[in-house]
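Dear colleague,

Here is the structure I promised to pass on to you, and below it I have written out what was found, going slowly from one residue to the wider picture. Please keep it open beside this message as you read.

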Amino acid sequence: MSRFIELLLLSLVLSNLASVASVNAQPQSAESGATSAQLIVFGYPHQIADPFTLYPIRLLRAALDKSGAPYQLQASPVPMVQDRSLREIAAGNQVDVFWSMTSIEREQYLLPIRIPIDKGLFGWRLFLCTEQNLHLTEQIHHLGQLKKLLLLQGHDWPDTKILKSNQLRVITSNHYSSMFTMIATGRADIFPRSMLEVWKEIAELKHNLHVDPRLSIYYPTALYFFVGKNQPELAKRIEDGLNLMIQNGEFEQLFLAEYGAELAEARAMKRRVIYLDNPLLPKETPLQRKELWLDPASLLDASAVKSR
């Protein structure tokens, strides 16, 4: 076989492979496989093996299904920390949607879907600490006493500004995984974590930290889906789907399936709760829609809840 024919055959094989790859890369409808499906990309959360198992993604997929229009939900090409996902959305780059705690600043450059996917419980914070520091909260009953402790948070988290605005002492870190080491080595006294995430962190990270059994804090906030300002149609599609799920009970079922055990634990332990102010909460937050929210007062005996 001549060199020319060999090269020609090789070229044809490569061309066929490229065609197959091109077909496989086309957006596919979640139901029909039509090539007209809308491609919707979410930020691939850093350090998550399979993002499609996450509660926000399962909720997002269920909401999108309600529209009946074809779509393909896809993770971003590379894992991203929260701040980068939000910046990519704002810039109109490779991410269309992500979920995060709201703030006045975030709602200025992103378009929020104002339905709290956490029912407001992201603001109920339990304390991770070492066994040696479990005694620190024994005599803490109000905010003034809590100010004696050193708290740990992420440098770009809205929580950090909220805690500091309540005159609490806070140190920060840029790296999520390093925070557990910082607490374990005594760099801070306690690490406030959402009551919806702290138990999974203990199970998955298998560290030797403990959840303080006596005390917690709460500030009003919401975990929303965010899209770009240039995507109002996508925002409406998600919002309409979530509202339909709330009306028919699917939202509550999915929420309880994910977090029922955490709610049961919170009721059983009956930790003291210190309420904090949240100056970052936008005035547009739909607090009047009572069906969207839970807070410690609705789950605990009123005597356990402290206003300040």
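Let me begin with a single residue, Met 182, which is found in helix 7; please bear in mind throughout that this is a predicted model. Is Met 182 buried or exposed? Its relative accessibility is 8%, and because buried means under 20%, Met 182 counts as buried. If we leave aside the neighbours within four places in sequence, Met 182 is in contact with Leu 152, Ile 171, Thr 172, Ser 173, Arg 187 and Ala 188. One of these, Thr 172, lies 10 residues away along the chain, and its C-alpha atom is separated from that of Met 182 by 9.9 Å.

Met 182 also belongs to a group, since the buried residues of helix 7 (residues 176-184) are Met 179, Phe 180, Met 182 and Ile 183. These four cover an arc of only 160 degrees around the axis, and they therefore sit on the same side of helix 7. As for what lies over them, the cover includes strand 5 (124-129), strand 6 (150-154), strand 7 (169-173), strand 8 (191-194) and helix 8 (198-205). Just after helix 7 comes Gly 186, which takes a positive phi of about 85 degrees.

A useful contrast is Gln 108, which is found in helix 4 (residues 104-109). Gln 108 has 59% relative accessibility, and because exposed means over 50%, this residue counts as exposed. Between Gln 108 and Pro 282 there are 9.9 Å in space, C-alpha to C-alpha, although the two are 174 residues apart in sequence.

Next, please look at helix 2 (residues 55-65) and helix 9 (residues 232-248), whose axes come within 7 Å and cross at roughly 95 degrees. Because angles of 65 to 115 degrees count as roughly perpendicular, that is how helix 2 and helix 9 are described. On the side of helix 2 the contact is made by Leu 59, Leu 60, Ala 62, Ala 63 and Leu 64, while helix 9 brings Leu 234, Arg 237, Ile 238, Gly 241, Leu 242 and Met 245. Sorted by class, this contact has 9 nonpolar, 1 polar and 1 charged residues.

How many of the residues of helix 2 are buried? The count is 8 of its 11, so that helix 2 is mostly covered; among the buried ones are Tyr 55, Pro 56 and Ile 57. The cover over the buried residues of helix 2 includes helix 9 and helix 10 (250-269), together with strand 1 (38-45), strand 2 (71-80), strand 3 (97-101) and strand 10 (223-227).

In soluble globular proteins, nonpolar side chains tend to be buried together. The largest nonpolar core here has 88 residues, and those with the most contacts inside it are Leu 59, Trp 99, Trp 124, Leu 146, Phe 225, Ile 238 and Leu 242. Helix 2 gives the most to this core, with 7 residues. To take Leu 146 as an example, it touches Phe 127, Ile 140, Leu 168, Ile 190, Leu 215 and Ile 217, not counting residues up to four places away in sequence.

Finally, for the chain as a whole, there are 11 helices and 12 strands, and 48% of its 308 residues count as buried. Among contacts between residues at least 6 apart in sequence, 76% join residues at least 24 apart.

With best wishes

Methods: Residues are numbered from 1 along each chain as its sequence is written. This is a predicted model: local features need pLDDT of at least 70, side-chain atom pairs count only at pLDDT 80 or more; totals for chains, interfaces and linings use all residues. Side-chain values use heavy atoms; hydrogens and water are left out. Axes are lines fitted to C-alpha atoms, for helices over the stretch in contact, and angles run from 0 to 180 degrees between N-to-C directions. Helices (H or I, at least four residues) and strands (E, at least two) are DSSP runs, numbered from the N terminus. Angles under 35 degrees count as roughly parallel, over 145 as roughly antiparallel, 65 to 115 as roughly perpendicular and the rest as oblique. Contact means heavy atoms within 4.5 Å. Ala, Val, Leu, Ile, Met, Phe, Trp, Tyr, Cys and Pro count as nonpolar, Asp, Glu, Lys and Arg as charged, and the others, Gly among them, as polar. Buried means under 20% relative accessible area, exposed over 50%, partly exposed in between (1.4 Å probe, protein chains only). The arc is that of the directions from the helix axis to the C-beta atoms. A nonpolar core is a set of buried Ala, Val, Leu, Ile, Met, Phe, Trp, Tyr and Cys residues joined through side-chain atoms within 4.5 Å.
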